[in-house]
Amino acid sequence: MVKSLIRHSLACAAALAVLFFIGAAKPVFASAAVASAHPLATRAGIEVLEMGGNAFDAAIAVSAALAVVEPSGSGLGGGGFWLLHDANSGQQVMLDGREKAPLAADRDMYLDADGNVIDKASVDGPLSAGIPGAPAALVWLAANKGVLPLSSSLARAIRYAEEGFITGEHYKRLMTFRKPVMEQFADSRQIFMPGGDVPEPGSRIVQTDLANTLRQIAQHGHDGFYGGQVAEKLVAGVRAAGGIWSMEDMTSYEVKLRAPIVSEYRGMQITSAAPPSSGGLVMATAFNILSAYDLDSMSSSEQIHLVSEALRRAYRDRAEYMGDSDFVDIPFDMLTSPRYADGLRQSIRLDRATSSDSLAPTRDEVPGGEDTTHFSVIDQSGNRVAATLSINYPFGSGFVAPGTGVLLNDEMDDFSAKPGEPNVYGLVGAEANSIQPGKRMLSSMSPTFLETDDRLAIVGTPGGSRIITMVFLAALAFHDDASAEQMVNLPRYHHQYLPDRIQHEPGAISTDDMERLRAKGHTLHDRGRTWGNMHAIVVDKNSALVTAASDARGEGKAIVLP
């Protein structure tokens, strides 16, 4: 589908590379590939592969490197989801390193005496931080999937932290946005704004304390972060600045292994993230709704209309039903059922947009979702990883715990601070995603594998509430034989139920299509800028060609070993 979108693709400055597929039942590749949001992180993954590591070792290296060189998007103070495919066993599993609410958290912790949400309380400073999961996930990968010592996989990140990395325009823009909170905390200011102001592109950011924290993890594994001096400094720093962490929060943190959400669309299998991610379920519902339509026979405006209507309904269910499945009963069978989708489809009109039932007041503007990061990896044996990591808002909470170099997340904002009230991405939630001690907050991160008889893809992106729709559009394009380059550079539009409008990048929807969509009753909103930073690897099983590409919107890089 969406061939019209592929033809309308933005010009690509993405890195592109080729490897070869050999064999049938258990493929062995002539090479390996890494695509990530920063050239240094991609290089770290490639170096680990060159020294004999597998895709899981490379994933450790890339995750840790991104924590150093792309601090606006992820870090040791955050979490994420690592979607894993083990070529030997054929097993596919989601490694859940999502953050957890502190044990002292409570349902109304961000409400004032009148029951109103306190502005910025769940976004700025250490009270907004959940207990990080990223370090535990890296330790688990090394212990259970990797073939190299953890110290070897972390060595490049340690070097980058000690020697520093050079900032660019992306860093300057996001740091300018978050400067008001970053400058409130001494360690944050000293590390990320050397000289006391937002650094110009070409500046060097050195993170000595972070290098030392990475060394502790390399030497002591889980206890190097969740125990000992690092944990004590984290807890003391958080509490001194108004947070509620405890040593019990740290020592009790564990990753979870979850069965991915697997759905199907016209011969394409979609394997994606499970709760506490909403990505797999939202896509399953939307794909089931669309499966009854012959989209290729329709005009581009009709395609956009139907995709938006499917997403409108899937995002409504996201708000109503989804949360941490360890705490709430999610109707998995219903949300993934074609018969349920049949019912949702009955209210869709081809000539008229549906009006979203209001769960909460809408926002005039939804932030761009440039925080978070994604990378894709495949090795010669066919092991593969799609990983989406985050600290939520750009530069997370803005708080660095003194003496650790660890920039903390503000993922507590991904809970429903008050059912029906939108978070910073305009997403509303119900009781299923309310705050509870030890609970993981709902996420949109959607690392995904796509597979047909002829091809497979490893894909994902940052983008806040728009992550799911970006991956969804890329999957539809993949179904229509799009390459990795075409997938990552598709023009993008988005509907998330509330606010009730189709958001789109400049030029993503033609003037004629905009008129047709408005005639159906849609409200359109040109964001005035692009969003997302997708990274994909595609294997063509028949031609032996694989493309690895990084989004031209970002500064990432895709590399394939020669």
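## Strand β14 and its partners

Strand β14 and strand β18 (residues 535-540) pair in the antiparallel sense, and 6 bridges hold the register between them; within this pairing Ala-457 stands opposite Val-538 of β18. The model described here is a predicted one. Strand β14 is also joined by 4 bridges to strand β13 (residues 448-451), again with the two strands running antiparallel, and Thr-448 has Val-459 of β14 as its bridge partner. The strands β13 and β14 form a hairpin, with 3 residues between them.

Strand β14 (residues 455-460) is mostly covered, since 6 of its 6 residues are buried. Arg-455, Ala-457 and Val-459 point one way from the strand, while Leu-456, Ile-458 and Gly-460 point the other way, and the residues of both groups are buried.

## Leu-83 and its surroundings

Leu-83 lies in strand β4 (residues 79-85). Its relative accessibility is 0%, and because buried means under 20%, Leu-83 counts as buried. Leaving aside residues up to four places away in sequence, Leu-83 touches Pro-447, Thr-448 and Phe-449, among others, and its further contacts include Val-93, Met-94, Thr-271, Ser-272, Val-385 and Ala-386. Thr-448, one of the residues that Leu-83 touches, is the bridge partner of Val-459 described above.

Pro-260 is another of the residues in contact with Leu-83; the two stand 177 residues apart along the chain, and their C-alpha atoms are separated by 7.9 Å. Arg-384 also touches Leu-83, and Arg-384 lies over the face of Phe-449, at 4.9 Å from the ring centre.

## Aromatic pairs and charges over rings

A search of the whole structure finds 9 aromatic pairs. In one of them, Tyr-226 and Tyr-253 have ring centres 5.7 Å apart and planes at 10°, so this pair is stacked. The pair links distant parts of the chain, for Tyr-226 belongs to helix α9 (residues 223-226) and Tyr-253 to the loop between α11 (247-251) and β8 (256-258), 27 residues apart. Both Tyr-226 and Tyr-253 are buried. Phe-287 and Phe-472 form a tilted aromatic pair, with 4.3 Å from centre to centre and 40° between the planes. This pair, too, links distant parts of the chain, with Phe-287 in helix α12 (residues 279-290) and Phe-472 in helix α16 (residues 467-479), 185 residues apart. Phe-287 is buried, with a relative accessible area of 0%, and Phe-472 is buried with a relative accessible area of 0% as well.

Phe-165, Tyr-171, Phe-192 and Phe-395 form one aromatic cluster. Besides the placement of Arg-384 over Phe-449, the charged end of Arg-466 sits over the ring of Trp-531, 4.7 Å from its centre.

## Helix α13

Helix α13 (residues 300-321) has 22 residues, which at 1.5 Å a residue should span 32 Å; its end C-alpha atoms are 31 Å apart, so the distance in the model agrees with the expected span. The helix is mostly covered, with 17 of its 22 residues buried.

## A sheet of three strands

An open sheet of 3 strands has the order β15-β16-β17, and its pairing is mixed. The edge strands are β15 (493-494) and β17 (524-526), each of which pairs on one side only. Strand β15 pairs with strand β16 (residues 502-504) in the antiparallel sense over 2 bridges, and the bridge partner of Tyr-493 is His-504 in β16.

## The chain as a whole

The secondary structure of the protein chain comes to 18 helices and 20 strands. Of its 562 residues, 65% are buried, and the chain exposes about 18,700 Å², of which carbon and sulfur atoms supply 48%.

Among the contacts in the chain with a separation of 6 or more, residues 24 or more positions apart account for 74%. The contact between Leu-83 and Pro-260, residues that are 177 positions apart along the chain, and the aromatic pair of Phe-287 and Phe-472, 185 residues apart, are examples of such links between distant parts of the sequence.

Notes:
Residues numbered from 1 in each chain as written. Predicted model: local features only at pLDDT ≥ 70, side-chain atom pairs only at ≥ 80, totals over all residues. Heavy atoms only, no water. Phe/Tyr/Trp six-rings, centres within 6.5 Å; stacked < 30°, edge-to-face > 60°. Buried < 20%, exposed > 50% of the residue type's maximum accessible area, 1.4 Å probe, protein only. Lys NZ or Arg CZ within 6 Å of the ring centre and 35° of its normal. Contact = heavy atoms within 4.5 Å. Areas by Shrake-Rupley, 256 points an atom, 1.4 Å probe, with all protein chains shown as cover. Expected span 1.5 Å × (residues − 1). Pairing = 2+ DSSP bridges.
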